[in-house]
Amino acid sequence: MKRTPARRRNSIQLSRLSFRLAWRDILAHRARSLLIVALIALPVAALAAAATVAASTQPLPQETAQRELGQTQARLSVADGYPLPLTQHPLNESLILGIGEADPDLVPASLDAAAPDGHATLTESLGAVDVLKGEVPVSVELAAVDALDPAFAGKYELADGAAPGAGEVLASQGLMERLGIGVGDRINTADGSYTVSGVLHQTGVLKSAEVLYVAPAHPLSDFADRDRLYLAGDAPLAWAEVRALNRVGVVALSRAVIMNPPAAEDYADFGALSSTIKPEMVLLGAVAGLLALAETTMLAGAAFAVGVRKQRRALALLSATGAEASRLQGVVLSSGIILGGIAGFGGAVLGLGLAWLTTTAFHAADVLPIPGYHVPWPALALIALLGTVAALIAALVPARAVARQDAFAALRSSQAPPQQPARIRTALVLLTTALVSGSAGGLLAAGGSATSGSLRFVVSLVALGSAALCLLLGLVMLTGRVLETVASLAGRLPVPLRMAARDATRNRARSVPSIAAILAATAMATLAMTGTAAFYEKAKNDHHWTLQETDAVLGLQQLEEPASPGQAGTLEQLDHQPLLDAVEDVMGPVHQSMIISSVMSACTDLYNCTQYQMAIPETNTCPQPDGTAPDPADWRCADAPTGASGFPQLLVGGESELAALLGKEPDAQTLSALETGSAVLLNPVYEDSGKATIEVIDPSGGGAIGEKLGPSVVESHELNAFLTEGVRDIDVMGMISPQTADELGIPTWDYGLWVDMERTPTTDEADRVQQQLASTNSTNTPFAYEPGPPAGSQIIAWSVAAFAALVALTAAGITAGLALADGRADQTTLAGVGAAPRMRKALAAAQSLLTSGIGGTLGVVAGLLPAIAILALIRDYSVIVPWAQVIAVLIVVPLLGAVAAWLSTRSLPQMR
């Protein structure tokens with residue numbers, strides 16, 4: 001039937017009446033309404049803060065241009081080592097691909113010859129130089145550039161001091177702190193001593209970076225050999241001009257291209273190499289948003305359940321005076337919209353404040369370069385709307401209950417019995433759906449072809465996300481039966497806990513929403529902590545480990561340079577005890593130390609020393625057709641050795657040395673393989689069909705001392721190979737036993753002293769160890785230690801986890817407050833029959849402990865299972881469960897709720 005204008009006006013008036021009644025009730029119960037708003041705003045603030053921090057870590061195009069180019073138009077550099085012709089990524093000139101067949105007749109042009117006309121040019125040369133800290137040389141980055149030229153404004157900033165004069169230098173804050181010097185002091189090098197005139201900061205670089213800045217004509221500029229040319233002026237460098245430079249072997253980063261990048265198809269060949277947003281991250285974000293909506297709804301549901309029970313008599317009076325059921329629903333839904341809107345807006349504003357504090361703290365702690373405070377307004381509006389929608393969904397259930405309630409029964413405060421059988425059936429259906437959907441998603445993911453962004457990947461992740469949602473809802477629906485079970489087992493518990501169990505079973509309308517709220521908050525915290533642990537584990541795996549954690553190696557040979565060219569030097573074998581003493585003087589007693597041996601001939605000629613190495617089979621060589629960049633998804637490229645280990649490349653030893661190499665005691669199978677003549681390998685690139693090959697190489701090609709003709713393989717030895725599993729690859733070729741080396745006729749020597757320390761040394765401690773070594777005349781003995789992954793990644797990861805846990809704890813406290821407000825009548829009854837205040841406090845604490853304990857336990861299950869399933873789908877991530885943190889939350893959340901309930905239960909006045 002068509003609605004008339006009069007009916008529309010009447011509907012609008014009734015809606016306005018519903019909002020007015022809801023607003024009056026909110027004002028009449030400000031404390032309860034504030035708790036409801038806080039409970040909804042918490043997850044909204046968490047999501048808003050996370051979105052804003054994530055956006056603030058990504059530079060805007062103008063920030064990228066200023067950080068990389070200052071005020072110049074472009075930066076040019078020669079693509080050394082790449083076959084011509086080539087092409088580059090428009091926004092990252094270090095990403096380079098060959099085009100078709102390489103032309104050997106093409107040679108890269110010089111920067112000066114390639115620079116287009118109409119531009120003023122500025123040079124920047126990069127390299128490394130040794131500066132002295134006491135008597136110990138410290139290698140630092142070197143930049144030969146006129147950093148204070150106006151063309152570099154925004155890229156470099158003079159943080160302290162003055163512009164350098166003739167022969168003076170600038171230094172970064174990190175270098176000044178490491179050397180323990182200030183402005184006006186001198187930096188010593190092997191080539192002279194120079195006054196530091198000021199502290200220079202480079203935009204987008206951590207202040208802890210150790211960089212020495214000199215003028216292009218400074219004597220130290222000879223150590224900078226990687227040249228870059230900046231184009232100044234007003235004329236932009238277009239993408240077509242960049243492509244023309246590529247044809248002559250020059251790559252460029254252009255301001256015009258950064259601000260207006262070309263169409264995606266112009267650099268589609270770079271594929272995953274150029275992608276900063278992975279498809280799986282987008283899908284994971286969508287799943288997380290879905291779960292956040294469900295969890296916010298549950299938190300809001302607990303709040304509205306309390307509010308509606310407090311409104312029960314008032315709404316019954318409206319019904320008794322002739323109000324329709326739809327009007328009663330309208331009042332409750334209006335409360336949901338108003339409180340949800342306030343919570344959504346307030347949570348978003350709170351999230352902005354938290355994000356500002358977080359980015360400021362990260363910047364001040366120098367753990368992450370923050371290009372700017374960026375507010376993602378569309379995402380923020382969507383998150384605020386999520387709070388309102390969640391509140392509206394949460395208000396639907398109590399609104400329907402109010403519409404169906406018996407007004408007479410409500411006026412005399414009777415309670416309808418719960419419809420538990422229907423809930424159990426629903427719970428079983430949801431849990432079965434979660435099992436089926438999760439199994440299907442897992443099978444799809446385990447099929448082997450669910451690559452990132454593929455349809456199979458999308459379907460499997462959606463299936464796992466649906467399973468997580470069904471699991472969450474199924475556990476909530478199951479809480480009634482869990483309460484019954486707890487109550488049946490509570491007969492031998494102390495009186496407060498026994499009363500709390502029976503009260504929770506009898507008043508499920510109060511206890512179930514409270515448990516659901518704790519369940520949701522704990523699930524969110526568990527999901528965040530598990531994801532954080534996986535993120536940090538990935539950061540550790542991505543770190544290039546040179547040794548196992550807390551390990552160090554000190555060489556036992558010191559080579560004295562030859563007296564004159566063409567002569568061999570003298571090789572001196574050092575005593576290991578002074579080296580060990582030097583380490584323990586700074587780091588304290590070490591866990592373990594031993595002398596490690598390697599395959600090597602005792603040789604004093606830097607060019608003619610025979611070398612021994614594991615050969616990489618042709619089938620395991622990283623494929624780079626037509627000069628293309630290595631594919632990081634290919635294990636042959638991801639595991640390519642770099643030769644940067646603190647250990648020698650090919651170790652010789654037994655069980656103790658093998659334990660030092662692996663970072664743990666070797667299992668029987670690994671030890672047996674070593675003892676029976678196999679080579680124990682950490683890296684699969686050296687193994688092919690169970691075999692490995694040791695090559696004997698003459699690096700001089702048979703030339704005289706000092707003459708380098710090129711390496712040649714003069715002999716090879718094939719032997720069985722045993723590949724270790726579950727061991728961190730520290731870029732060592734492998735280990736053989738002394739017996740195997742003797743049988744193959746390969747010489748060995750004592751390479752160095754291995755130590756396992758109590759902790760990873762700081763940079764200052766490492767410098768002090770090196771100073772101690774210098775005092776023992778071991779000036780050429782480097783203290784090679786494993787620094788571990790950047791500390792910033794750990795700080796960021798666990799900051800996220802701590803914030804998620806804080807949300808869970810706060811939600812527990814607020815839920816306890818709402819439950820106390822709802823149970824005030826029970827407290828009054830107990831006071832009326834003479835119950836002591838201590839008894840009433842104990843009962844309130846027991847009620848909160850029970851609901852928080854059940855909700856926390858179910859929440860851990862609801863958070864762990866989907867986290868494990870989704871992380872198992874992403875091949876770059878390991879499933880790491882932070883049990884210590886999870887158990888801490890599981891214990892602290894109920895205890896916090898109980899303490900809050902105990903402290904909030906006060907003496908009550910006499911009431912009639």
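Here are some short exercises, with worked solutions, on a predicted model.

**Exercise 1. Work out how helix 19 and helix 20 are arranged: how do their axes cross, and which residues make the contact?**

Let's start with the general idea: two packed helices are described by the angle between their axes and the distance between the axes.

- Step 1: find the helices. Helix 19 covers residues 655–662, and helix 20 covers residues 668–675.
- Step 2: get the distance and angle. The two axes come within 11 Å and cross at roughly 125°.
- Step 3: put a word to the angle. Oblique is the term for angles that fall outside the ranges under 35, over 145 and 65 to 115 degrees, so helix 19 and helix 20 are oblique to each other.
- Step 4: add the hand. The crossing of these two helices is right-handed.
- Step 5: list who touches whom. Helix 19 brings Glu655, Leu658 and Leu662, while helix 20 brings Thr670, Leu671 and Leu674.
- Step 6: sort those residues by type. You get 4 nonpolar, 1 polar and 1 charged.

**Exercise 2. Describe the largest nonpolar core: which members touch the most others, and which helix gives the most residues?**

- Step 1: pick out the hubs. The core holds 24 residues, and the ones touching the most other members are Leu472, Leu475, Leu483, Leu519, Ile854 and Ala862.
- Step 2: ask which helices feed it. At least two residues each come from helix 8 (279–320), helix 12 (420–445), helix 13 (455–477), helix 14 (479–488), helix 15 (495–506), helix 16 (508–542) and helix 25 (837–873).
- Step 3: name the top contributor. That's helix 16, with 6 residues.
- Step 4: zoom in on one hub. Setting aside neighbours within four places in sequence, Ala862 is in contact with Leu471, Leu472, Leu475, Leu519 and Ala523.
- Step 5: look for another core. There is a second, separate one of 20 residues, with Trp545, Leu547, Val727 and Met735 among them.

**Exercise 3. Place Leu237 and Met176: where does each sit, and is each one buried or exposed?**

- Step 1: locate Leu237. Look in the loop between strand 11 (224–232) and helix 6 (239–246).
- Step 2: check its accessibility. Leu237 has a relative accessible area of 0%, so call it buried.
- Step 3: see what surrounds it. Beyond neighbours within four places in sequence, Leu237 has contacts including Leu76, Pro116, Val242 and Val257. Ala74 is also in contact with Leu237; the pair is 163 residues apart in sequence but 6.6 Å apart in space, C-alpha to C-alpha.
- Step 4: turn to Met176, which belongs to helix 5 (residues 173–179). Its relative accessibility is 5%, so Met176 counts as buried too.
- Step 5: list its partners. Leaving out residues up to four places away in sequence, Met176 touches Ala171, Ile181, Gly182, Val183, Val196 and Val199. Leu212 is 36 residues from Met176 along the chain, with 9.5 Å between their C-alpha atoms.

**Exercise 4. Look at the backbone of Thr550 and Ser689: what is phi in each, and where does each lie?**

- Step 1: recall the rule. Most residues other than glycine have a negative phi.
- Step 2: read the angles. Phi is near 70° for Thr550 and near 55° for Ser689, positive values in residues other than glycine.
- Step 3: place Thr550. It lies in the loop between helix 16 and strand 13 (551–555), and at 16% relative accessibility Thr550 is buried.
- Step 4: place Ser689. Its loop runs between strand 19 (679–681) and strand 20 (691–698), and with 67% relative accessibility Ser689 is exposed.

How values were computed: Residues are numbered from 1 along each chain as its sequence is written. This is a predicted model: local features need pLDDT of at least 70, side-chain atom pairs count only at pLDDT 80 or more; totals for chains, interfaces and linings use all residues. Side-chain values use heavy atoms; hydrogens and water are left out. Axes are lines fitted to C-alpha atoms, for helices over the stretch in contact, and angles run from 0 to 180 degrees between N-to-C directions. Helices (H or I, at least four residues) and strands (E, at least two) are DSSP runs, numbered from the N terminus. A crossing is left-handed if the near helix is turned anticlockwise from the far one by less than a right angle, and right-handed if clockwise. Contact means heavy atoms within 4.5 Å. Ala, Val, Leu, Ile, Met, Phe, Trp, Tyr, Cys and Pro count as nonpolar, Asp, Glu, Lys and Arg as charged, and the others, Gly among them, as polar. A nonpolar core is a set of buried Ala, Val, Leu, Ile, Met, Phe, Trp, Tyr and Cys residues joined through side-chain atoms within 4.5 Å. Buried means under 20% relative accessible area, exposed over 50%, partly exposed in between (1.4 Å probe, protein chains only).
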